[in-house]
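Here is a short tour of the enclosed spaces inside this protein. Have the structure open beside you as you read.

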There are 2 protein chains.
Amino acid sequence: MSTAPPPASEPAPAARRPGGRTARIRAQVLEAVSAELTEHGYDALSIDGVATRSGVHRATVYRRWHDVGGLLADVFHAASQQPWQPRDTGSLRGDLAALNHEIQDSLSEESSIAVALIAVSFRSEGAARALRQLWEDRYTQSEIIVQRAIHRGELSPAVDARALLIAATAPLYHQLVLLRTPPDPQLPDRAAVSAALAADAGAFNRPHSAGQ
Amino acid sequence: MSTAPPPASEPAPAARRPGGRTARIRAQVLEAVSAELTEHGYDALSIDGVATRSGVHRATVYRRWHDVGGLLADVFHAASQQPWQPRDTGSLRGDLAALNHEIQDSLSEESSIAVALIAVSFRSEGAARALRQLWEDRYTQSEIIVQRAIHRGELSPAVDARALLIAATAPLYHQLVLLRTPPDPQLPDRAAVSAALAADAGAFNRPHSAGQ
C-alpha cells in the first residue's frame with residue numbers, strides 16, 4: 001500500500017509534468033513546502049518562508065494557496081495525483097514484501113516527507129483528514145494484490161483484503177514511525193510472510209463467508 | 001504490551017500513593033499536565049497554566065520541574081512507575097487478545113493520554129526518547145506472554161518474542177493512531193489470532209534457531 005510511498009519522497013508530480021507557467025509555479029511552491037517541512041517542521045511553515053524558498057512572488061502564493069492549510073492540502077493533493085500501483089511479483093508474499101520495502105524506504109530515508117506529513121497530521125485536523133484519504137486511496141489500490149492472489153488460488157475469496165493489507169504493513173509503521181526503531185532489513189519480508197501465513201490459516205476471512 | 005496502557009489513562013501513580021506533601025504536589029501537577037495535554041495539546045502547555053490548573057504555587061512548579069520538558073519527562077516517568085503486567089488467560093491467543101483490548105481501550109478513550117503523549121513525541125525529542133523507553137519497557141514486560149506459551153508447548157523456543165508481540169499489536173496502533181479509523185471491536189481479537197497463527201507457522205522463528 002502504501003500509504004507511505006504516497007507522501008512521496010520524490011518531487012511533487014507537477015514538477016515532472018511539462019505544463020505551463022502555472023504548473024511550474026505549483027511545482028516550485030510544493031517542493032519548497034516539502035523542503036521546509038522536512039527541515040524545520042510544521043511550526044516553521046509560513047507563506048512568506050515558502051515564497052522566499054520557492055522564488056515565487058509572495059502575492060502569488062497568497063492568492064493561490066491562501067494560508068499554510070492551503071499549502072498543506074495541495075501537498076497531499078499532489079501526492080494523491082502521483083500515479084502509483086503495487087508491484088506484481090507473481091506471488092502474494094512477493095507482492096506484500098515489495099510493498100513493505102517501498103514503505104520502509106519511504107519512512108526511513110533522510111528527511112522523509114512521509115514521516116513529516118504524518119507528524120503534521122498530529123497538528124492540523126485538515127492534514128489528518130488529507131492523510132487519512134491518501135492512505136484510504138493507497139490501501140484501495142493495493143487490494144489488487146489480494147485479488148491477484150485469490151485469482152491464482154493462493155487465497156480464499158472469503159479473505160478481507162483490507163485486514164490482510166493492514167496486518168502486513170502495520171509493523172513497518174509501528175516500528176519506524178511510533179517506536180522509532182532503526183530500520184530492520186528483514187522486517188519488510190518478515191511482516192509480509194507472517195501476514196501471508198496468517199491469511200493462509202484463515203485469520204482474515206470474513207466471518208460469514210467462510211464457505212464461499 | 002502495552003505500550004499503550006503505559007501512557008496511562010488513570011491518574012499518575014503518585015496520585016494513589018499516600019506519601020507526604022511532596023507526593024501530593026507531584027500528583028496534582030502531573031494530573032494537570034495530563035489534563036492540559038489532552039484538552040489543549042502541547043502548544044498550550046506552560047508552567048503557568050499547569051500551576052494555575054493544579055493549584056500548586058508557580059514558584060514550586062518552576063523549582064521542581066524547570067520547564068515544559070521537565071513536566072513531560074515526569075509524566076513519562078510516572079507512567080513507567082505504574083505497576084503493570086500482562087494478563088494471564090491461559091493461552092497465547094487469549095493473552096494477546098487481552099493485551100490488544102487494553103491497547104484499544106487506552107487509544108480510543110476520550111481525551112486519551114496515550115494518544116496525547118504519542119502526539120507530543122512528534123514535537124519534542126525528549127518526549128520521543130521517553131516514549132521509546134516506555135514502550136521498550138512494556139514490550140519487555142510483555143515477553144512473559146511468549147515465555148508462558150513456550151512453556152505450555154504452544155510455541156517453539158525459537159520464536160522471536162518481540163517480533164511476535166509487535167506483529168500482534170501493530171495493527172491497533174496503525175489503525176487507531178495513524179489511520180485514525182474508529183475502533184473496530186473485532187480488531188483486538190483478530191490481530192491476536194493472526195499473530196498467533198503466523199507464529200504457529202514459524203513466521204517469527206529466529207533464522208538460526210529453527211532446530212532448538
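In this predicted model, the lining of the largest cavity is made up of 10 nonpolar and 2 polar residues, with no charged ones. Both chains take part: from chain A come Ala167(A), Pro171(A), Ser194(A), Ala195(A), Ala198(A) and Phe204(A), and from chain B come Ala167(B), Pro171(B), Ser194(B), Ala195(B), Ala198(B) and Phe204(B). At least two lining residues are supplied by each of these helices: H8 (161–178) and H9 (187–200) of chain A, and H9 (161–178) and H10 (187–200) of chain B.

The second largest cavity also has walls from both chains. Chain A gives Pro171(A), Gln175(A), Leu187(A), Arg190(A), Ala191(A) and Ser194(A), while chain B gives Ala163(B), Ile166(B), Ala167(B) and Phe204(B). Two or more of these residues come from each of H8 and H9 of chain A and H9 of chain B. Which element has the largest share of this lining? That is H9(A), with 4 residues. By class, the second lining divides into 7 nonpolar, 2 polar and 1 charged residues.

Here are the two volumes together:

| Cavity | Volume |
|---|---|
| Largest cavity | about 80 Å³ |
| Second largest cavity | about 60 Å³ |

How many cavities of 30 Å³ or more are there in the model? The count comes to 3.

If you would like to find the two described here on screen, Pro171(A) is a handy name to look for: Pro171(A) is among the lining residues of the largest cavity, and also among those of the second largest.

Note on methods
Residues numbered from 1 in each chain as written. Chains lettered and ligands numbered in written order. Predicted model: local features only at pLDDT ≥ 70, side-chain atom pairs only at ≥ 80, totals over all residues. Heavy atoms only, no water. 1 Å grid on protein atoms, 1.4 Å probe; cavity = no way out; pocket = protein on both sides within 12 Å on 5 of 7 lines; lining within 4 Å. Points joined across faces, edges and corners; volume = space filled by probe spheres on them. Nonpolar A, V, L, I, M, F, W, Y, C, P; charged D, E, K, R; others polar.
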